[in-house]
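I opened a fresh page today to keep track of what I looked up, one entry at a time. Here is the structure I was working from.

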Amino acid sequence: MKILAIETSCDETAAAIIEGNSSKNKVKILSNIVLSSLKLHAKTGGIIPETAAREQIKYILPVIENAFKKAKISISKNSAPDIDAISVTIGPGLIGSLLIGVETAKTLAFVWKKPIIPVNHLYGHIYANFIKQAKSKNIEFPAIVLVVSGGHTDLLLMKGHANIKWLGGTRDDAAGEAFDKTGRLLNLAYPGGPSIEKVAKKGNGKAYNFPRPLINSSDFDFSFSGLKTAVLREVKKIKRLDNKKVADLSASVQDAIIDVLIKKTLKATNKNHAKSILISGGVSANEKLVDQFKLAIKKNKLSISFFVPEKWLCTDNAAMIGAAAFFKGKKIPWQDIEVNPELYFN
Ligand code: KG4
Ligand code: ZN
């Protein structure tokens, strides 16, 4: 089954062609094009929805055309291309951006007479883990999933493709948001996550003892908004914010976020006798987070398989939307598709 996947929920314009094989329980990427307007947003220190949408409307068709070209599937004028369905992100995200992907998918489905598979972006992140890497093991259920992105921090229990239960999530800022807001306080380039990771390598994570909110609470919730206030308090005390201090502050805030994410995920794993841990979303691109997860599993002598998507599949892309469509999606006629910017786990 070949699927054209489209993702435009935030600042990316992305299209991919994936091929799913039911008997092998496997998804292969035939092409995965991601165009980001990040550089434009770096100037303003954050995403301006209008700017993102204007870029997406310019690039959506060339990006889709490129995805077909890379996958070596012809799009001639006279016949529909050799695909079985079109999948597209319907939410959560920015309304203007989402509409560009959805309206494009709808038009192509109408013209080519193909079904549409609506996809929740958050499930897309989870399913980035199901795009097989050459030597990767099969994911065994039950699995605990940690989705850590710019907009979300959620823990889920996955017993199968049709059985995914939300356990808890952030009560305020997402982990990625905490990275981005701290980056802004420290005058680092947007987005804060990768910038903080880079400078933290030269810093001491024990230099500042930042709070680990809700680390020992009995639920599976998170809270990261207090962290930026704690960083701001420290920054105000400092007379000259030199490179060393920025590195120490970055390393300390990164360690605080990582500690909470790992402790809560392992707690959920133990409680639910999970066989696998899956992490996904932009923050899972953080190498220290991945290393610390592996270390914690080893230290605690847990017989658990740990999965993280390849780095280029952690951040927003369309291949993960195609994978979610293949494993979990339902084909619907184009007339029935609806955008939902507030979509959550259901
Ligand atoms: O999943 P994503 O691309 O978009 C959303 O769905 O939100 O995640 C973007 C978030 C941003 O907050 C960014 O700062 C964070 O992921 N991020 C990272 C790293 N790379 C991206 N955070 C920490 N370390 C990284 N290396
Ligand atoms: Zn995302």
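**Entry 1: the strands around β7.** Before counting any strand pairs, I noted the rule: two strands pair if DSSP finds at least two bridges between them. I also reminded myself that this is a predicted model.

With that rule in hand, I looked up β6, residues 143–148, and found that β6 pairs with β7 in the antiparallel sense over six bridges. I then asked which residue of β7 is the bridge partner of Val 147. The partner is Asp 154. The connection between β6 and β7 is a hairpin, with four residues between the two strands.

Next I followed the chain onward to β8, residues 163–169. β7 and β8 also form an antiparallel pair, over six bridges. Here Gly 160 has Asn 163 in β8 as its bridge partner, and the hairpin that joins β7 to β8 runs through two residues.

Is β7 largely enclosed or open to the outside? I counted a residue as buried when its relative accessible area is under 20%. Seven of the eight residues of β7, which spans 153–160, are buried, so the rest of the structure largely encloses this strand.

**Entry 2: the zinc ion.** I went to ligand 2 and asked which residues coordinate the zinc ion. They are His 121 through NE2, His 125 through NE2 and Asp 316 through OD, at 2.0 to 2.1 Å. The site has four donor atoms with angles of 96 to 132 degrees among them, and is tetrahedral. Along the sequence I wrote the spacing of the donor residues as H-x3-H-x190-D.

That long gap made me check where the donors sit. His 121 belongs to helix α4 (121–127), while Asp 316 is in the loop between α10 (311–314) and α11 (319–328), so this pair ties together parts that are 195 residues apart in sequence. I looked up accessibility too. His 121 has 7% relative accessibility and counts as buried; Asp 316, at 16%, also counts as buried.

**Entry 3: the largest pocket.** My next stop was the space left open in the protein. A probe the size of a water molecule, rolled over the atoms, shows where empty space is left. How much space lies in the largest pocket? I noted about 1200 Å³.

The lining of the largest pocket is made of 41 residues, and those nearest the pocket centre are Cys 10, Ser 149, Gly 150, Gly 151 and Asp 316. I was pleased to meet Asp 316 again, since this residue is also a donor to the zinc ion. Elements that give two or more residues to the lining are β3 (26–36), α4, α5 (175–185) and α6 (192–200). α5 gives the most, with six residues. Sorted by class, I have 16 nonpolar, 15 polar and 10 charged residues in the lining.

**Entry 4: helix α11.** I looked up burial here as I had for β7. Nine of the 10 residues of α11 are buried, so this helix is largely enclosed by the rest of the structure. I listed the buried ones for later: Ala 319, Met 320, Ile 321, Gly 322, Ala 323, Ala 324, Ala 325, Phe 326 and Phe 327.

**Entry 5: backbone checks.** I looked for cis peptide bonds. One runs from Gly 91 to Pro 92, with omega near -10 degrees, and Pro 92 is in the loop between β4 (85–91) and α3 (95–112). Another cis bond runs from Tyr 190 to Pro 191, with omega near -5 degrees. Pro 191 is in the loop between α5 and α6.

Then I turned to positive phi values in residues other than glycine. Lys 72 has phi near 60 degrees, and its place is in the loop between α2 (49–70) and β4. Is Lys 72 buried or exposed? At 76% relative accessibility, Lys 72 counts as exposed. His 273 has phi near 45 degrees and is found in the loop between α8 (243–271) and β9 (276–280). With a relative accessible area of 67%, His 273 is exposed.

**Entry 6: the start of the chain.** Last, I visited Met 1, which is in the segment before β1 (2–7). At 32% relative accessibility, Met 1 counts as partly exposed. I also noted that 23 Å separates the C-alpha atoms of Met 1 and Pro 62, which are 61 residues apart along the chain.

Methods: Residues are numbered from 1 along each chain as its sequence is written. Chains are lettered from A and ligands numbered from 1 in the order in which they are written. This is a predicted model: local features need pLDDT of at least 70, side-chain atom pairs count only at pLDDT 80 or more; totals for chains, interfaces and linings use all residues. Side-chain values use heavy atoms; hydrogens and water are left out. Buried means under 20% relative accessible area, exposed over 50%, partly exposed in between (1.4 Å probe, protein chains only). Donors are N, O and S atoms within 2.8 Å of the metal (3.2 Å for Na, K and Ca); water is not among the atoms, so sites may look incomplete. Four donors count as tetrahedral if all angles lie between 85 and 135 degrees; four count as square planar and six as octahedral if opposite donors are over 155 degrees apart and all others between 65 and 115; anything else is irregular. On a 1 Å grid over the protein atoms alone, a cavity is a set of points where a 1.4 Å probe fits but cannot get out, and a pocket is an open set with protein on both sides within 12 Å along at least five of seven lines; lining residues have an atom within 4 Å of a point. Grid points are joined across faces, edges and corners, and a volume is the space filled by probe spheres set on the points. Ala, Val, Leu, Ile, Met, Phe, Trp, Tyr, Cys and Pro count as nonpolar, Asp, Glu, Lys and Arg as charged, and the others, Gly among them, as polar.
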